[in-house]
Amino acid sequence: MKKSLILVGTQWGDEGKGKIVDYFSSKYNAVCRFQGGHNAGHTIYQDKKKFVLHLIPSGIFYDHVQCFIGQGVILSLDSLLKEIQEIEEKGISLHGKLKISRYCSLLLPIHAKIDQLREDNKNAIGTTRRGIGPAYEDKTARRSIKAFDLENEEVLKKKVIDLVDYYNYQINTIHKAEEFDADLVFTELLSNYEKASKYFGDVTDSLEDIYESGEAILYEGAQGTLLDVDYGTYPYVTSSNTLATSVGIGSGFPKSIFSDVLGVAKAYTTRVGEGPFPTELFCQDGSKIADIGNEYGATTGRPRRCGWLDLVALKYSAKLNNLTSLCITKLDVLDSFKKLKVCVGYEIDGKEVPFKSRLLHQAKPKYKTLNGWSSSIKEAKNFNDLPKEAKKLIEVIEQFTNVPVSLISNGPNRDDLIHR
Ligand code: GDP
Ligand code: IMO
Ligand code: MG
């Protein structure tokens, strides 16, 4: 039986997961999102058209692929319907191709409002301001409106009134902002449900059927390991577990854990929002990476902070996700650098510290310097087509992390890939 594959980001998100999931989708019959929400922005170029997917799995461009949104995903119906419309307007049909778990917790506009008010108040995390944190809080606090609540208007009405009351108190007393109207929230939900109800179903049963019929499933991670709410750079993290190990809970299909795990990493590092970033560059090299790599957030358009590849963090990610292989993306962005650096250790006051240091913001990176290749790798199709300096970088990554690099991405398009 072909093994299923979990694909995860190994850094702070935006590693190029969307492009790689799109590429792999040709080989799988099902693609499933299992955590996060529309904070994700996964970019795919399909027939020269650019798509940025937030909730819809990146396998949607293939007719043979069934797409699933598991219950670990926080679901904004507004965002879902907008995305469906945008995709269909570009000529891609979703008919019979998308199924969403009835057990998903819903994200409402009130969550986005609370996220924005908090971010504007104090101790900002630099969130996407989409309401992801408050929506996950509600799930854990057992007050979420679940997708299945939309099936019963009486239950829904009561839950909406309770939730709006709960938030209006905060909006009023802490933020002195405009309250929400429960009736309006209720009617908007019903109207959205009318358009979206055909997509809901039992994801666990469907994944089980696909698996038992001998087909393999591709699980699409969102965000990245260093944004994991437990293992990331807390509190500067997102509010879900982003690790491959959360796939069982998030997809609702326990056998998903018997999959290979492909970690996606850029050949350098980026981060959006606040929080420690030991290899961040504040010099010309940083702005050069940002310019060539076009490092602006796919969801919010914010400039991404840029720095050298952090092998200490990558090794940490490799361990936590039990990576079976790595895909290195955006190697082409480094084409014009005469010298490259990779971080091989951190020090605080002359003492070596691990990635998970409480004092990561004080950690000074120790670098290994490598020669650049000063030529374009755009046309390379095989590992042997790469200049020796680029091969050396890949080998250094493998040796440090002890994970084989099976795939190298040298451009944003589906075919810009080198197999190893
Ligand atoms: P994701 O969130 O992990 O799916 O990544 P994003 O879509 O947010 O950001 C990755 C960006 O890099 C997108 O604009 C992609 O089109 C682009 N990209 C992906 N792989 C490559 C690559 O190998 N080279 C270049 N130059 N761009 C890439
Ligand atoms: P993809 O799937 C990069 C970051 C935000 C912020 C922190 C918390 O495209 O890789 P949140 O809105 O989740 O409460 O914000 O997490 N963040 C991402 N950064 N890529 C993402 O997704 C992200 N999703 C959230 O910038 O620092
Ligand atoms: Mg992204």
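A polar side-chain atom of S409 lies 2.5 Å from an oxygen atom of ligand 1. T43 approaches ligand 1 through its side chain as well, with a polar atom 2.6 Å from a ligand oxygen. E15 contributes through its backbone: an N or O atom of its main chain sits 3.0 Å from an oxygen of ligand 1. Of the 580 Å² of accessible area that ligand 1 has on its own, the protein covers 92%. The model is predicted, and these distances are read from its coordinates. In total, 19 residues surround ligand 1. The closest are G16, K17, T43, D332 and S409.

Ligand 2 also has a shell of 19 residues. D14, K17, H42, T128 and T238 are the closest. K17 is thus listed among the closest residues for ligand 1 and for ligand 2. Polar pairs with ligand 2 involve both backbone and side-chain atoms. A polar backbone atom of D14 is 2.8 Å from an oxygen of ligand 2. For G126, the corresponding backbone distance is 3.4 Å. R302 uses its side chain, placing a polar atom 2.9 Å from a ligand oxygen. The protein covers 98% of the 550 Å² of accessible area that ligand 2 has on its own. By class, the shell of ligand 2 holds six nonpolar, ten polar and three charged residues.

The third ligand is a magnesium ion. Which protein atoms serve as its donors? They are the OD of D14 and the O of G41, at 2.1 to 2.2 Å from the ion. D14 belongs to the loop between strand 1 (5-9) and helix 1 (17-25), and G41 to the loop between strand 2 (30-33) and strand 3 (42-46), so the pair ties together parts that are 27 residues apart in sequence. The two donor residues fall into separate accessibility classes. D14 is partly exposed because its relative accessibility is 22%, whereas G41, at 12%, is buried. D14 therefore has two roles in the ligand contacts: its OD is a donor to magnesium, and its backbone pairs with ligand 2.

Helix 1 follows the loop that carries D14. Nine of the nine residues of helix 1 are buried, so this helix is largely enclosed by the rest of the structure. The buried residues run through K17, G18, K19, I20, V21, D22, Y23, F24 and S25. K17, which is among the residues closest to ligand 1, is therefore also part of this buried set.

Two further helices show buried polar side chains and one exposed position. N192 lies in helix 6 (residues 182-196). Is N192 buried or exposed? N192 counts as buried, because its relative accessibility is 11%. Residues up to four places away in sequence aside, N192 touches L77, D78 and L81. Q170 lies in helix 5. Q170 is likewise buried, at 14% relative accessibility. Its contacts beyond four places in sequence are I114, R118 and H175.

K158 also belongs to helix 5, which spans residues 153-173. In contrast to Q170, K158 is exposed, with a relative accessible area of 53%. The C-alpha atoms of K158 and E188 are separated by 15 Å. Along the chain, K158 and E188 are 30 residues apart.

Backbone geometry singles out several loop positions. The peptide bond from Y234 to P235 is cis, with omega near 5°. P235 is placed in the loop between strand 10 (217-220) and helix 8 (247-251). N123 is not a glycine, yet its phi is positive, at about 55°. N123 sits in the loop between helix 3 (109-121) and helix 4 (132-140). The relative accessible area of N123 is 70%, and the residue is exposed. N322 has a positive phi near 55°, again in a residue other than glycine. The loop between helix 10 (311-321) and strand 15 (325-329) holds N322. N322 is exposed too, with a relative accessible area of 58%.

Conventions. Residues numbered from 1 in each chain as written. Chains lettered and ligands numbered in written order. Predicted model: local features only at pLDDT ≥ 70, side-chain atom pairs only at ≥ 80, totals over all residues. Heavy atoms only, no water. Donors = N, O, S within 2.8 Å, 3.2 Å for Na, K, Ca; no water. Helix = DSSP H or I, 4+ residues; strand = E, 2+ residues; numbered from the N terminus. Buried < 20%, exposed > 50% of the residue type's maximum accessible area, 1.4 Å probe, protein only. Near = heavy atom within 4 Å. Polar contact = N/O pair within 3.5 Å; in protein donor to acceptor, adjacent residues only side chain to side chain. Areas by Shrake-Rupley, 256 points an atom, 1.4 Å probe, with all protein chains shown as cover. Nonpolar A, V, L, I, M, F, W, Y, C, P; charged D, E, K, R; others polar. Contact = heavy atoms within 4.5 Å.
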